[in-house]
Structures are given as C-alpha cells and as structure tokens.
Amino acid sequence: MFDSINSLNPWLVGVGLNFVLLLVAWIVPKKLLTPAGFFHAWLLGVLIWATLGWEGYVVVMFYFLVGSLITRVGMAQKEAQGIAEKRSGARGPENVWGSALTAALCALGVWATSSGILPTPQNLHPTPATLLLLGYVASFSTKLSDTCASEIGKAYGKSTFLITTLQPVPRGTEGAVSLEGTLAGAIASLAQAFLGWTVGLIDLVGVFWCVVAAFIATNLESVIGATLQSRFSWLTNEVVNIFNTLIGASTAILLAWIWANFIT
C-alpha cells in the first residue's frame with residue numbers, strides 16, 4: 001500500500017493526507033491544537049511526508065500524540081498549582097516549530113542531498129543523509145524526553161531539585177529535575193528512537209545515540225532554564241525547545257560520526 005502511495009507525487013499526497021487528518025482533528029471535541037496551530041501542523045506534516053515519506057511521518061505523529069497525551073496527565077492538579085501548560089496543553093504555532101524546527105531542517109537536508117539538489121561527496125561515511133536521519137529521530141527523542149520528564153515530574157515528582165545546586169525546589173520550577181521525571185524521559189526517548197529504528201530511519205546503534213543525546217540535551221535544557229531563561233525575555237520556552245532539540249540532534253550526529261570514523 002505504501003509503495004503505491006509513494007509512487008504518486010509526495011507533495012500532493014502530503015497535502016491531501018494532512019488535510020483529511022486535520023479535518024478529523026478539528027471535529028474532535030478535545031482539541032490538541034489551536035486554530036493557528038492546525039495550519040502550522042498541516043505545513044509540518046506536508047513537509048515531512050514529502051521529504052521522508054510515511055516513515056518520517058510515523059515518527060512525528062508518535063511524538064505529537066504521545067506528547068499531547070502526556071501533557072494532559074494530572075492536568076487538574078497542575079492547573080490548580082499554576083504549573084500547567086497554557087491552553088490546557090493545546091499546541092499553537094510556537095509549540096509546533098519550537099518542537100519540530102530542528103527535525104524539519106534535518107528532513108529538508110535529507111531531501112536536498114538525496115535528490116541531488118545539494119551535491120555531496122560519495123565517499124563520506126556515514127553519509128550526510130544517514131546522519132541527518134539520525135538527527136531527525138534524535139530531535140524528536142529529545143523533545144519527547146523533555147516533555148515526559150517535565151510533565152511527569154510536575155504531576156508525580158516526589159522530590160524536585162534545581163539541577164545546578166541540587167537544592168529542593170517546588171514542582172514546575174524552571175531547571176527543576178526529579179527521579180520520576182528523569183526515568184519517564186529516558187523511557188520516552190527510548191520508545192521514540194526504537195520507533196525510528198522500526199521504520200528503518202536509523203540502525204540499532206543509532207537508537208543508543210538518540211537516547212544518550214536526549215539525556216544530555218534534556219539536562220542541558222534544565223541548566224539553561226535554571227541559569228539563563230529568567231534573565232532574557234526572548235528566551236521563551238519555545239526558543240529553549242529549539243535549542244534543546246538542536247543540541248539533541250547535533251550530539252547524536254557527532255557521536256555517530258566519531259564512532260564511525262575513529263572508534264570502529
């Protein structure tokens with residue numbers, strides 16, 4: 001079935017598929033996106049389908065659905081404490097691109113190199129496309145790890161500590177970490193990376209790099225939240241998310257490149 005679909009113009013298929021899916025999402029009573037968020041999610045979906053096919057699309061859909069569900073865990077309690085996501089977790093354009101800008105750039109890079117638009121040397125190992133696919137999966141592994149760590153920590157964290165000082169702080173404090181949240185984040189990054197392997201975007205070693213990179217990036221994001229975010233008005237949660245996913249993707253790519261060229 002997927003082969004017959006892929007034989008069609010992928011951009012047109014992406015337009016039609018995402019129109020149908022967003023129409024269904026629009027009529028569902030519990031909205032996962034704001035009105036503007038629907039449009040930007042549609043753009044992202046078209047881009048991913050056209051550049052990475054159904055394999056890349058499955059990865060982004062898994063992140064979006066699981067991340068949206070996790071955000072709603074303990075929502076009543078988090079809203080009562082004033083630490084819930086705004087709009088009861090409904091994603092707007094800033095959330096869409098804060099989470100997926102790095103992945104979108106990786107997808108465009110794969111498409112540009114694979115189609116010959118961006119010529120690359122043939123003797124590189126790993127190939128640029130392989131590394132960018134790893135970066136794509138790693139960015140979503142990192143973001144899902146961050147989302148699960150934050151939301152589970154705010155809902156169920158028994159003890160939360162500021163990552164820079166290890167001093168106890170209230171749940172929801174920028175830069176706070178908890179054992180429950182950290183474990184949830186690690187499991188989430190593994191699940192997302194394993195899905196990337198299942199659909200053939202990365203190999204099993206790549207799964208390991210994604211999990212390691214997600215752990216590093218998620219903790220560095222906590223450091224940014226604890227030290228810099230309150231000092232700069234432009235450093236919003238969405239901007240921090242872009243840095244977070246960029247660190248995750250770059251770390252996975254760097255680790256894979258070092259492993260392939262200097263260790264094996």
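# Exercises on helix packing and burial

Glu94, Asn95, Trp97, Gly98, Ser99, Leu101 and Thr102 of helix 5 meet Glu238, Asn241, Ile242, Thr245, Leu246 and Ala249 of helix 9. The model used here is a predicted one.

## Exercise 1: helix 5 and helix 9

Task: Find how helix 5 and helix 9 are oriented to each other.

Solution.
- Start with the description. Two packed helices are described by the angle between their axes and the distance between the axes.
- Take the values. The axes of helix 5 and helix 9 are 7 Å apart, at an angle of about 15°.
- Apply the cut-off. Angles under 35 degrees count as roughly parallel.
- Conclude. Helix 5 and helix 9 are therefore roughly parallel to each other.
- Add the hand. Helix 5 and helix 9 cross in a right-handed way.

## Exercise 2: helix 2 and helix 3

Task: Classify the packing of helix 2 against helix 3, and state its hand.

Solution.
- Locate the pair. Helix 2 covers residues 10-27, and helix 3 covers 35-71.
- Read the geometry. Their axes come within 8 Å and cross at roughly 135°.
- Classify. This angle makes helix 2 oblique to helix 3.
- Look at the residues. Helix 2 makes the contact with residues including Trp11, Leu17, Phe19 and Trp26. Among those from helix 3 are Phe38, Trp42, Trp49 and Tyr57.
- State the hand. Helix 2 passes helix 3 in a right-handed crossing.

## Exercise 3: helix 6

Task: Check the length of helix 6, then describe its cover and its packing on helix 8.

Solution.
- Work out the expected span. Helix 6 has 29 residues, so at 1.5 Å a residue it should span 42 Å.
- Compare with the model. The end C-alpha atoms of helix 6 are 41 Å apart, which agrees.
- Turn to cover. Helix 6 is mostly covered, with 24 of its 29 residues buried.
- Go on to the partner. The axes of helix 6 and helix 8 cross at roughly 45° and come within 8 Å.
- Classify. That angle makes helix 6 oblique to helix 8.
- State the hand. Helix 6 passes helix 8 in a right-handed crossing.
- Name some contacts. Leu134, Val137 and Ala138 are among the helix 6 residues that meet helix 8. On the helix 8 side, the residues include Trp209, Cys210 and Ala213.

## Exercise 4: the nonpolar core

Task: Describe the largest nonpolar core, and examine Leu44 and Phe140.

Solution.
- Begin with the general tendency. In soluble globular proteins, nonpolar side chains tend to be buried together.
- Count. The largest nonpolar core here has 42 residues.
- Find its centres of contact. Leu44, Leu134, Tyr136, Phe140, Leu201, Ile202 and Cys210 have the most contacts inside this core.
- Trace the suppliers. Helices 3, 5, 6, 7, 8 and 9 each supply at least two residues of the core.
- Inspect Leu44. Leu44 lies in helix 3. At 8% relative accessibility, Leu44 counts as buried, because the cut-off is under 20%.
- List its partners. Beyond four places in sequence, Leu44 contacts Val60, Val96, Trp97, Ala100 and Ala104.
- Check one distance. Leu44 and Trp97 are 53 residues apart along the chain, yet their C-alpha atoms are separated by 8.4 Å.
- Inspect Phe140. With neighbours within four places left aside, Phe140 is in contact with Val59, Val60, Tyr63, Ser99, Ala100, Ala103 and Gln192.

## Exercise 5: loop residues

Task: Place Lys158, Leu166, Thr236 and Trp234, and say which of the first three are buried, partly exposed or exposed.

Solution.
- Lys158 lies in the loop between helix 6 and strand 1. Its relative accessible area is 74%, so Lys158 is exposed. Apart from neighbours within four places in sequence, Lys158 is in contact with Arg171 and Glu180.
- Leu166 sits in the loop between strand 1 and strand 2. At 58% relative accessibility, Leu166 counts as exposed. Leu166 has a positive phi of about 60°, although it is not a glycine.
- Thr236 is found in the loop between helix 8 and helix 9. A relative accessible area of 31% makes Thr236 partly exposed. Thr236 and Gly98 are 138 residues apart in sequence, but 9.8 Å apart C-alpha to C-alpha.
- Trp234 also lies in the loop between helix 8 and helix 9. Not counting residues up to four places away, Trp234 touches Val239 and Phe243. Trp234 and Thr130 are 104 residues apart in sequence and 34 Å apart in space, C-alpha to C-alpha.

Conventions:
Residues numbered from 1 in each chain as written. Predicted model: local features only at pLDDT ≥ 70, side-chain atom pairs only at ≥ 80, totals over all residues. Heavy atoms only, no water. Core = buried A, V, L, I, M, F, W, Y, C linked by side-chain atoms within 4.5 Å. Buried < 20%, exposed > 50% of the residue type's maximum accessible area, 1.4 Å probe, protein only. Helix = DSSP H or I, 4+ residues; strand = E, 2+ residues; numbered from the N terminus. Contact = heavy atoms within 4.5 Å. Expected span 1.5 Å × (residues − 1). Axes fitted to C-alpha atoms, helices over the stretch in contact; angles between N-to-C directions. Parallel < 35°, antiparallel > 145°, perpendicular 65-115°, else oblique. Left-handed = near helix turned anticlockwise from the far one by under 90°.
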